[in-house]
Number of protein chains: 2
Amino acid sequence: MAAKPTPLSGYPELLPAQRFVETQVIAELSRVFELHGFANIETRAVEPLDQLLSKGETSKEVYVLRRLQEEEDGKDAGIGLHFDLTVPFARYVLENAGKLDFPFRRYQIQKVWRGERPQQGRFREFTQADIDVVGQGELPFHHDIEVARVMAEALAGLPIPRATLQINNRKILEGFYRGLGIEDPENVMRVVDKLDKIPAEKIAELLVTDAGSSQDQARAVLALAEIRTTDSSFVAAVEALGVSHPLLAEGLDELAQVIDGCQGIDGADVVADLRIARGLDYYTGTVFETRLAGYEQLGSICSGGRYDRLASDGKTTYPGVGISLGLSRVLVTLMGDGLTADRSVPSVVLVALADEETRAASDALATQLRGNGVPCEVAPMAQKFGKQIRYAERRGIPYVLFPANEAGEQPQLKDIRSGDQVAIDPATWTPPEHDVRPKVSTSSSNNEEK
Amino acid sequence: MAAKPTPLSGYPELLPAQRFVETQVIAELSRVFELHGFANIETRAVEPLDQLLSKGETSKEVYVLRRLQEEEDGKDAGIGLHFDLTVPFARYVLENAGKLDFPFRRYQIQKVWRGERPQQGRFREFTQADIDVVGQGELPFHHDIEVARVMAEALAGLPIPRATLQINNRKILEGFYRGLGIEDPENVMRVVDKLDKIPAEKIAELLVTDAGSSQDQARAVLALAEIRTTDSSFVAAVEALGVSHPLLAEGLDELAQVIDGCQGIDGADVVADLRIARGLDYYTGTVFETRLAGYEQLGSICSGGRYDRLASDGKTTYPGVGISLGLSRVLVTLMGDGLTADRSVPSVVLVALADEETRAASDALATQLRGNGVPCEVAPMAQKFGKQIRYAERRGIPYVLFPANEAGEQPQLKDIRSGDQVAIDPATWTPPEHDVRPKVSTSSSNNEEK
């Protein structure tokens with residue numbers, strides 16, 4: 001490597017302090033998922049191409065693999081990188097159905113790849129964090145509530161702006177549209193799904209011109225889409241529109257159960273939002289989207305829903321409900337605005353080095369600290385102590401431990417933030433709880449507009 | 001997906017209980033690496049092809065990426081999947097040199113891909129765990145000791161057979177060969193490197209026929225290769241062979257420092273083994289290999305060394321010392337022999353469900369348990385309690401909590417292994433420490449020969 005390499009567009013990489021934030025976020029997500037009994041799995045990065053291409057919409061984005069030594073005949077290995085975690089999970093469930101216990105709760109936090117044009121919050125390689133519950137043959141509705149609640153609790157614990165889970169139910173939309181006499185609810189859903197990007201008046205026009213609605217139907221469709229409540233009062237608001245249909249009643253009941261079941265989560269909002277449609281996906285009931293306060297331009301950072309047919313082997317069908325968090329989309333964006341950690345190393349203590357001859361003594365102090373679970377490192381060179389303190393400062397290491405000058409003395413521990421220095425017993429000393437791990441911080445510089 | 005999919009050869013996947021072992025192993029490795037001040041990073045999965053192909057030896061194994069939509073003109077994206085973590089790390093160091101602090105200690109635990117023919121312990125997708133220390137311009141020798149010690153300590157804490165780190169120093173080999181009057185030490189090293197696979201008599205022949213040695217030189221080369229000590233007594237053993245060279249003396253001193261610095265690690269052996277050569281790699285001093293007791297057929301599971309030129313931007317050179325653990329090679333092999341965990345879910349408690357009408361009460365019990373950090377789940381259906389106990393048993397969940405029948409009563413917690421049942425306060429109960437996490441276990445069935 002002879003010159004400085006340049007970053008590859010769409011493949012974000014993190015500096016050590018930023019990566020610390022990501023590992024802390026992954027640890028916190030895992031903690032919450034496991035508290036709720038979700039087991040972790042990883043699937044291989046590749047799937048057979050025919051699996052990846054069975055959803056037409058995303059086929060353009062797939063990266064195909066070829067072994068270099070097969071160059072001559074140009075033959076592909078017949079595999080490509082997965083573009084989400086749902087296709088591999090469905091395959092994993094079918095492949096291992098005989099060895100899994102259902103309902104099967106799993107979480108999966110892995111990289112995925114899409115060859116799409118890189119832009120803000122859209123990458124070619126990024127990490128997703130998915131939870132799903134999948135049943136064999138059937139899956140009780142209460143798992144819809146569970147999945148919403150678990151993800152809301154997980155988001156509430158992260159060092160990110162406040163998240164709002166927006167929940168709807170396809171049965172409400174389809175039932176309402178059918179109750180209005182609309183024959184092709186799918187078409188209407190697809191138009192309503194654009195409400196984020198296109199003004200309501202224009203949507204009303206499109207409903208008439210593209211989806212075959214009457215003016216009255218279009219007005220009612222938009223009235224439904226405007227309903228958004230933090231509790232189950234949306235039921236009365238929908239009923240006030242005077243449309244009735246058995247599927248609508250079923251959807252209202254289901255959504256009310258989810259919203260009621262997600263009350264009282266500290267640090268995240270859960271709302272019924274009747275404009276959410278997830279137009280292009282294969283959901284059959286509950287649908288989820290999520291917005292981040294101050295980062296609405298990112299779109300939904302966490303989406304999912306109920307699908308009655310996650311997978312099928314011809315005999316048995318596996319229904320599921322799940323939700324997928326776009327971890328890189330959130331974190332890389334927030335890091336661009338200053339989210340980082342206050343240390344670039346895990347070390348809590350730098351053990352100073354008086355001279356190269358006494359390295360063994362400094363090593364022994366470090367070994368004692370590690371015996372108490374205190375991450376530390378020994379100064380790489382016997383520079384002047386002022387330089388060693390600067391070494392710690394540059395890395396955000398809060399303490400420097402100076403070896404004793406004479407036998408019988410205790411080493412001195414300096415908190416380089418306050419300048420306080422005390423004698424300690426390295427065999428028993430542990431740092432205050434707030435110094436054990438690097439702290440997540442937001443440099444205020446770029447963050448004022450948020 | 002209409003039929004049961006079949007596994008893809010060379011792409012091992014784990015069941016949830018096995019994956020638990022892997023996550024525990026990764027957590028333990030990370031804990032030890034961080035105790036020693038190593039920061040975690042991840043690099044993107046892809047590198048430019050010219051980087052990947054700059055090492056001729058591995059070029060055949062690279063997977064090249066192509067975006068499917070570029071199919072028509074058959075153009076590659078110019079990138080491929082990384083086949084190790086060293087090439088990406090060297091690139092990361094150069095790309096971010098201005099933002100990193102040196103010496104830079106990093107660990108990296110990621111998947112890598114190689115298109116080679118799958119066989120025992122050799123996969124097309126597998127996880128490696130690397131630690132390296134890299135300096136800017138220079139890197140003091142004590143980091144060689146550090147890297148050996150950290151990896152030995154990390155291996156000692158894993159649920160795997162006893163590991164033996166075999167350490168040598170290229171300067172010993174080159175100095176000894178030069179002291180013998182051998183002009184091309186590289187050639188001799190390459191032959192000696194085959195001592196694992198080829199009998200010593202045959203190696204002696206090859207040294208004469210292929211590496212241009214005399215019979216006497218070949219004898220001395222083999223005598224050196226036979227030296228293997230658990231302490232620094234190898235120095236005297238080498239000196240007894242009567243060869244001298246300044247480089248040999250330097251190498252002996254370095255290796256003695258590493259071996260002395262790695263004394264007293266519980267649970268792993270560190271030996272000086274003068275046959276270790278790492279023939280095909282670009283090491284310049286210390287070299288490491290590692291064997292696992294009872295699994296010698298896997299070859300070295302953990303290898304590395306000192307390279308004076310990990311990377312260079314033309315002006316500055318970055319020397320490094322590092323070691324790479326083939327995590328999948330070890331774990332997938334051990335799992336084939338029965339290594340797993342005693343639970344397929346993280347749940348410690350299954351909260352039983354009397355009937356569907358009281359689900360909210362069971363949910364509330366689960367919420368109380370989670371408030372104490374106790375992973376748990378609520379029974380998915382209100383089956384007979386016997387069936388609910390079976391549900392827990394199948395998953396390895398040790399406890400079932402039965403809601404109180406009447407207000408004022410406490411719920412009853414049953415340890416389904418012993419059958420013991422006691423009333424508990426779910427707001428304060430926590431499990432015994434040994435039940436908090438699934439336990440790693442080895443089913444004895446396939447493991448008797450080890």
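**Exercise 1. Characterise the interface between chain A and chain B, beginning with its buried area.**

Solution. Chain A and chain B bury about 7,600 Å² between them, with 54% of it on carbon and sulfur atoms; buried area is the accessible area (1.4 Å probe) that two parts lose on being put together, summed over both. This is a predicted model, in which local features need pLDDT of at least 70 and side-chain atom pairs count only at pLDDT 80 or more, while totals for chains, interfaces and linings use all residues. Side-chain values use heavy atoms, leaving out hydrogens and water, residues are numbered from 1 along each chain as its sequence is written, and chains are lettered from A and ligands numbered from 1 in the order in which they are written.

Next come the contacts (heavy atoms within 4.5 Å): 89 residues of chain A are in contact with 89 residues of chain B. There are 12 salt bridges between chain A and chain B, each a side-chain nitrogen of Lys or Arg within 4 Å of a carboxyl oxygen of Asp or Glu. One of them joins Glu13(A) to Arg91(B), whose closest N and O atoms are 2.7 Å apart.

**Exercise 2. Describe the surroundings of Arg359(B).**

Solution. Arg359(B) is buried, with a relative accessible area of 8%, where buried means under 20% relative accessible area (1.4 Å probe, protein chains only). The side chain of Arg359(B) reaches the backbone oxygen of Pro380(B) at 2.9 Å. Leaving aside residues up to four places away in sequence, Arg359(B) touches His142(A) from the other chain, together with Leu353(B), Val378(B), Ala379(B), Pro380(B) and Met381(B).

Conventions. Buried < 20%, exposed > 50% of the residue type's maximum accessible area, 1.4 Å probe, protein only. Polar contact = N/O pair within 3.5 Å; in protein donor to acceptor, adjacent residues only side chain to side chain.
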